[in-house]
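Biologist: I should like to go through the terms used for this structure and hear the grounds for each one. Please set each value against its cut-off before concluding.

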Amino acid sequence: MQDRVVLGKTPQEVDSRINRELLTNVLYTERRYWMIVGFLALVVALAGGAIGYMINQGIGVTGLHRPVFWGFMITNFVFWVGISHAGVMLSAILRLAQAEWRRPATRAAEIVTVFALMTAILFPILHSGRPWRTMYWAFPYDFARGIFPNVRSPLVWDPTAITTYLTSSIMFVVVALIPDFAVMRDRTKGVAKAIYRVLAMGWRGTPRQWRLQIVAGFLLSALILPVFVSVHSIVSWDFGVAQSVEAWHSTVFAPYFVIGAVHSGVSAVVTVMIILRWLFHWENYITKDTIDSLGRLLIVVATAWFFFFVIEILFSIYTLEDAELALRRMQLWESPYSWLFLTFILTGYFIPVPLWLFKNVRRSFKWMLITTILVNIGMWIERFLIIVPGLARKQGLSFSWSTYHPSIIEVLMVIGSFAFVSMNILLISKVVPLIPLYDVKEGEILKDEFKIGKATIPATMREE
Amino acid sequence: MAKKQVLGVFKTADNAVMAVDRLNEAGFTNKDWTVLTGSPYPEGAFGEWMPKHRLYAFPFFGAIVGFTVAILVTAGTSVANPLVTGGKPIIAVPAMAVIVYEGTMLGAILMTIIGVIFESRLPRPLMGLYDERITEGYVGIDLNCPEDRINAAEMVMRQSGAVDVKHQK
Amino acid sequence: MRRKTKAMSSTTHNTHAAHHEAEGEHHYQPQVLTMPHAQVTQDILRASSTMGRTYKLALALFGGLFIAGFAVFIVRARDGFDTFTSWAYLMATFGFIFTTAMSAPIFSVTQRMVRSHWRRPMGRSAEVLSVAGIVGALMFIPLVLLLPNADNRKTIWMTFPGAPHVYELAALIGIVALGLAILYVSAIPDLAAIRDHGTGWRKSLARRLASSFRGTPREWKGIKAMLMVLGVLYFLFLIGVHTMIASDFALSLVPGWKDAIFPAWHAISGLQSAVACTILVTFLLYKFGGYKDYISVDQFWGASKIMLALSLLWMYFWLSGFMIFWYGRQPVELAVIKLFFAESYRFPWAMAVCLNFAVPFLLLIWNAARKSMIAPTIVSCSILLGTFFDRIRIYVGSFTVADVRADALHELHAGPLLENPPPHLPGTADVFMILGGLGGALFIIMLAIKFFPPISIWEVTEGMLYRRKRRFLKREIMVMGKPD
Amino acid sequence: MAIERKPEPKWTLVVDADRCSGCQACVVACQAENNVPLNTDAIFNQKRAHEWIRIERYWVSDDPEKRPDEIDFSKVKAKFLPLMCQQCENAPCEPVCPVYATYHNDQGLNVQVYNRCIGTRYCANNCNYQVRFFNFWEPVWPETLRNQLNPDVTVRSRGIMEKCTFCVQRIRRGIRTAIREDRDVRDGDVTPACVQSCPTGALTFGNIKDEKSAVHKLAEDARHYRLLEEQGTGPNVVYLKKVDTHAAEDKGHE
């Protein structure tokens, strides 16, 4: 049973109500909002301190050493790139599939993408030995000496892919924002009005403008999907191409990472939306149906991810190579990795997915919040378990096998990154509505229903 | 003679449609008026005039540009700085392919954005006649009519239930 | 309900595929069937029970091919099963049938899960294709016997008892059974229709199969639930079987070839070809089957989007495997690249890339092409042909190596294949076996579509309930019901 | 200047595992020659020691099939594997560097450009032999040692990679002499610190392209093998098997 909220009788009622309810935070802000933002800002400041200390002292302050040269920071980088795959996944695929329930969900998801990606980019730079010289890492500007980046290096592919993805997703958001800027232009006063006036670019809402909005939505979705797939594939190749780390040198990495990213990303979006729903009173928009459908989607995604997880392990151990077995032994049986692995596989799959099979779990905000957070705990650990053990058990030269303990600095950075993303999402929610107004209004227009015998069937008008 | 804008604001889409029909009877064509709505209506819901847009051309153009630039940059830099690494060829096609791909997509997407803004005739610094109630769910009919017929047009709109009608001074 | 304007427009549209293009407005109108239920039943039953002359000729031809192929098979089987190469092309043919017809039901399964409306006239043709599994199973048995024991070589079976033969057979029989089960369950209501309105042997057979289906809400609920369960099972099973066959008949026969994505890629090309052959069948039904009223461009449009996506995935999966090998440059990896892509089997690979990726991509990125009937059909043909070349590349390639390096199957890093074996070209006998296999599959499929209505009556009529037209302000628009 | 030498020499190091007594003299010599930062206790315990050449010691039981708890420790032997940068032909560490800080020069050397390096540490991850070292801290020398720093060798700052260079400074000097005397380089022109200091003569260095050179002959030796050969890295360091009853042990490194 879909529980459709009736927002009003006349168009005026509906639209003004949507404007009122979805612009609350933009037009009027509650105190608890500032309290939360303030707290997050504190955490971010702390992490900032840690970063400063690291840049000043050198990478020595981390727990990294030979042969574990990559640790928490890269794990976190991969994790955030993963989260960033939610936005496009949801808004693009669901828009192409013309899923009605996507309407309230899209923008929040895209915003998560943008900020997750921005945060992700920081880490490889901070993580490098001399962050202040990373300019020539990505940009071929040194014509004077004719020295350029090495096209063959995955670490050059990364910046290309991520900049492309970041630019596209920002544009994706901005284009969809124009009509909503117009709404705010008409609602605000004074300076704000002037600013929104500029941002809205003189939008009036003619049929042609709307048409192009919608066409652009489809077109950009179709264009951005291949980018989104490529980004995490390239991130996965940072590891995959490394032939000397047998645990990494697996052909399945690209799709495995992508689907894993979608798994964690969509979960993150659900988490974020449930929290925002509580914070901004979105009861009429983020309904049980929304998270129910998201839950169903998650079951499929999670299971697909699990399939890749299984073949990744199966096809790496079936040749029974010493180094490979040593690695897996460490991953599965040696503390602390054994505990991490257990936590990961339980929280990443075996707790949430069976729960999602129950309708009343999928339709309960509390449970979806819990399960989706669990998933992301699991997926963070998954990245860690892919990156670190592989390095700790590299090749047969067991003389320099080792293990890794993160330092407090790295831990602070990781925590900070979470605070940073959340803070940014909250701050942006002060200037733009995180639920696309016009999309919801369109949904209201297209809503319809008809009777079959005694049953009333909820329906929607379809232009195509 | 000089044309002036007349804007009628209607409570419901039905009234707007009624107004549109009457205007057409009164000798205006659907090229003279356009509809202003606060949210997208199905195409052709008002029998409005919808000139074809060329949005689809933009991404292809962008893709071609992006592709060429990316090829030049990747091939150029590898040739300009020909250092052997790991026994790989100087022009390493699979590696270049990755970057060229990203370049192509970036070009396509950026051009699409430009296309959207250009094709929807934005930015439009002088908005012309507008009413803030439109983003509240009211429907506006923006008629472009010769000065001597302004009153007639306003009359028509009022008759078909416009809550408010204004025109350029 | 806000903005209710006029009452439902009661204008009925007797629809023809081309008709809605002639609809007044310049925007696209999906097909909405509004003819009475009885007419649907009559039309489809009539079409599915008439056999034209060409049909009979084709049937005879395929039957003959099958028998010829079988004879050749017997002759060759007398020399025993000790060399891989002599059975390579049989394997390739099996691989092809398995990747196309036997994987086809996945299309109807997935589309039913996402409750798409356009799929309704297509689903059954996908399911009917699963009968090819019977021929497939026949071909598979000797091939399994060919496999060496898994004990002293590197296979995914490690040291399971009876591997791989037992599991392979079980898996294949399982997938065939599931496919037929889906076909049967989804056909029950239509069989009931045949029972009531059919004639002759169809009537009597349908009576036995449809048993006492009367169409109570409970029965409908049961059928839908059953289809859902079978569908999920089928999906999981199909991916699994693809993985097993890919790894046992290709991966583990090439020493040192360690490639985790290969099975997944095999499965992807399975999905791609599944859509392809469904589209092809739908087109044939439209052209020659006499189902013009029930098949419209909607089906092709919807399916070709999926086909485009899958073609991109096909390339992507391959690339993500190739990139690792190209970059790794370990001797084994270089050897594999040489064998399958760069040297020995360069030609079939080139064909596969063109037909499975280039053609679909270049044609289907154009909406105009997707929204036509002919373009998706051309693409489907090219994909099927490409898949055939590709299967030859994979299986013949691996089998030749298995003969050359039988000594090294147990090794860890078997090093480069001693000398890269030359491509193994088909002899006359091989050609006969290929044709025989394909002929058998087509023969049984053609028989099946004359018993099971290839257009599902109940799904079409159900669809009629949920797609309606109404006026909205000044235009006509389709309203789609969303039952749950 | 080495560029116009025809034919370019191809430098090769031969390590005779049978002669190695694990005395670590090479390690010390390398440390002194190449301004390798001091490995204090603290740094060593952080597992961040710099050892451009290191002696890997493996305990070899009498029977590889035995589990540790069954091994008869009276029969266990130590086995030494001097390990330095293998200057691979297909060096996995090279292509992954985004800024060309490491590449292959035309004398078969895998060179490290300190000024270019930004310390992504990707090369170290992608090195099969784990012979690349990262400067986690700014290297410091006590006042007393300042004067022993080798003026021919850069002192690496914090945040960059470094590794064995086959004593490139000595190679350059050797080539310069050869050019001055207008002849091709021959044995004795170039002797890396480790080779020079090895008391048992386990290490031999030279130009493998030169038929008369010692390394050329040794590389043909029946005992020769290259480390992790199946990885296809094509090392320029040749090892000579240890002659003992437990030849099978070498599997331990493969």
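Modeller: The discussion below concerns a predicted model, and it proceeds from helix packing to burial and then to backbone geometry.

Biologist: Why are H4(A) and H18(A) called roughly parallel to each other?

Modeller: The axes of helix H4 (residues 72-83) and helix H18 (residues 408-428), both of chain A, cross at roughly 20° and come within 9 Å. Angles under 35 degrees count as roughly parallel, and H4(A) and H18(A) are therefore described in that way. The crossing of H4(A) past H18(A) is right-handed.

Biologist: Which residues make that contact, and how do they divide by class?

Modeller: H4(A) contributes A:Phe72, A:Met73, A:Asn76, A:Phe79 and A:Trp80, while H18(A) contributes A:Glu410, A:Val411, A:Met413, A:Val414, A:Ser417, A:Phe418 and A:Val421. By class, the contact of H4(A) with H18(A) has 9 nonpolar, 2 polar and 1 charged residues.

Biologist: What makes H11(A) oblique to H11(C)?

Modeller: Helix H11 (residues 253-280) of chain A packs against H11(C) at an angle of about 120°, the axes being 8 Å apart. The range 65 to 115 degrees is roughly perpendicular and over 145 is roughly antiparallel, with the rest oblique; H11(A) is therefore oblique to H11(C). In this contact A:Ala254, A:Pro255 and A:Val258 of H11(A) meet C:Tyr316, C:Phe317 and C:Ser320 of H11(C). The residues of the contact between H11(A) and H11(C) comprise 5 nonpolar, 1 polar and no charged.

Biologist: Which helix gives the most to the largest nonpolar core?

Modeller: The largest nonpolar core has 387 residues, and those with the most contacts inside it are A:Trp248, C:Phe94, C:Ile245 and C:Phe249. Helix H11 (residues 297-328) of chain C gives the most to this core, with 18 residues. Among the residues that C:Phe249 touches are C:Met91, C:Phe140, C:Leu143 and C:Phe399.

Biologist: How do you know that helix H5 of chain C is largely enclosed by the rest of the structure?

Modeller: Buried means under 20% relative accessible area. In H5 (residues 120-128) of chain C, 9 of the 9 residues are buried, so the helix is largely enclosed by the rest of the structure. These buried residues include C:Arg120, C:Arg124 and C:Glu127. Among the chain C helices against which the buried residues of H5(C) pack are H4 (105-113), H7 (165-197) and H11.

Biologist: Why is A:Ile162 called buried?

Modeller: A:Ile162 has a relative accessible area of 5%, and the cut-off is under 20%; A:Ile162 is therefore buried. A:Ile162 lies in helix H8 (residues 154-187) of chain A and touches residues including A:Phe77, A:Val81 and A:Leu117.

Biologist: What makes D:Gln231 buried?

Modeller: D:Gln231 has a relative accessible area of 1%, and the same term needs a value under 20%; D:Gln231 is therefore buried. D:Gln231 is in the loop between strand E9 (224-225) and strand E10 (237-240) of chain D. The residues that D:Gln231 touches include A:Gln243, C:Arg329 and D:Asn128.

Biologist: Why does D:Gln24 count as partly exposed?

Modeller: Buried is under 20% and exposed is over 50%, with partly exposed in between. D:Gln24 has 34% relative accessibility and therefore counts as partly exposed. D:Gln24 also has a positive phi of about 70° although it is not a glycine.

Biologist: What is the omega of the cis peptide bond that joins A:Arg66 and A:Pro67?

Modeller: Omega is about 0° for that bond. A:Pro67 is in the loop between helix H3 (31-57) and H4 of chain A.

How values were computed:
Residues numbered from 1 in each chain as written. Chains lettered and ligands numbered in written order. Predicted model: local features only at pLDDT ≥ 70, side-chain atom pairs only at ≥ 80, totals over all residues. Heavy atoms only, no water. Axes fitted to C-alpha atoms, helices over the stretch in contact; angles between N-to-C directions. Helix = DSSP H or I, 4+ residues; strand = E, 2+ residues; numbered from the N terminus. Left-handed = near helix turned anticlockwise from the far one by under 90°. Contact = heavy atoms within 4.5 Å. Nonpolar A, V, L, I, M, F, W, Y, C, P; charged D, E, K, R; others polar. Buried < 20%, exposed > 50% of the residue type's maximum accessible area, 1.4 Å probe, protein only. Core = buried A, V, L, I, M, F, W, Y, C linked by side-chain atoms within 4.5 Å. Lists of a residue's contacts leave out its neighbours within four places in sequence.
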